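Reader: Could you walk me through this protein, starting with the overall build and then moving to a sheet?

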Amino acid sequence: MTATIINGKEIAEKKRMEIAEEVSKLKKLGVTPGLAVILVGNNHASRTYVTNKEKACKELGMNSVLIELPEEISEQELLSKIEELNMDDQIHGILVQLPIPKHIDEKKVIESISPFKDVDGFHPINIGRMMTGQNAFLPCTPYGIMVLLEETGISVAGKHVVVVGRSNIVGKPVGQLFLNQHATVTYCHSKTKDLKGHTNQADILIAAVGIPNFITAEHVKEGAVVIDVGINRNEAGKLCGDVAFAEVSEKAGYITPVPKGVGPMTITMLMFNTLKSAAESLNRN
Ligand code: NDP
């Protein structure tokens, strides 16, 4: 079997067109969705991510504000800046690009963002709301994965989903979203015994590990849906995922490539969350 490739770039573009349409409708009602991105220090990768987020905002007709703060900024100064943005009516989404310098408490920073503007979906209130199936900002990468499957017409209810990775930003929340959609979910991590025994039972396998070519054909059941979240560099410096694409695509039913798989969906869902926040602010007022 040769897997059908799930084209994340194409699906992301379709979603972005839908978002742009909704943005223009909101603008007619006098609201332009606005995203504030805070970048602390000068991490090269972070700067690239931030630039891509700004570009996406502009393309969709949203406002974006980049706030660049020096590496040595104090925690208090950063918290004050966030508070200012919490109070700003023009700003509907606030995102602090991670990682932040070690002298600042990341949890405190995330919790200082108003849950109404937490478009990354990292605030404990939004996580709790997601877990209990209430209206919430869903974390962008997990949300993007659900949209990829939905757009591809892959049903989730009753499927066995195996998630490899349990980070707070990808593994844990994506498993929760699958559970919310009535899948049976197994989480695997670095202490899991007999990983292959678990992954081979997966109808849908999510790889969120951060190790190039970690998931091989031996981990995958014939015909499974394989979603590769990893963004890594291989020894040659080339971008690659967590899945050994060539061999796994001979066995899987569906597979996401890297690049052009999950990656483009992450920023798209950030744009969606910013739009959602702006629309909800209108209803609140
Ligand atoms: P983390 O490093 O936070 O988590 C990695 C997870 O993999 C951990 O839960 C860890 O287990 C688990 N793991 C590590 N080694 C093994 C092993 N040998 N067997 C089983 N599990 C293992 O990474 P993230 O979740 O933040 O990111 C994962 C990947 O996804 C990275 O490549 C990252 O770049 C990418 N990413 C991509 C995004 C996108 O937009 N496409 C967005 C965010 C991340 P344990 O908990 O026990 O340590």
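Author: Happily! Helices (H or I, at least four residues) and strands (E, at least two) are DSSP runs, numbered from the N terminus. The model is predicted, so local features need pLDDT of at least 70, side-chain atom pairs count only at pLDDT 80 or more, and totals for chains, interfaces and linings use all residues. Residues are numbered from 1 along each chain as its sequence is written.

Reader: How many helices and strands does the protein chain have?

Author: Counting those DSSP runs gives the secondary structure of the protein chain. The total is ten helices and eleven strands.

Reader: What is the radius of gyration of the protein chain?

Author: The radius is taken over C-alpha atoms, and the globule rule is 2.2 Å times the number of residues to the power 0.38. For 285 residues that rule gives 19 Å, and the chain's value is close to it, so the chain is as compact as a globular protein of that length. The radius of gyration is 19 Å.

Reader: Which strands are the edge strands of the open sheet?

Author: Two strands pair if DSSP finds at least two bridges between them. The open sheet has six strands in the order S1-S11-S8-S7-S5-S6, with parallel pairing. An edge strand pairs on one side only, which here applies to strand S1 (4-5) and strand S6 (184-188).

Reader: And what is the bridge partner of Ile204 in S8?

Author: Strand S7 covers residues 204-207 and runs parallel to strand S8, residues 225-228, with four bridges joining them. In S8, Ile204 has as its bridge partner Val225.
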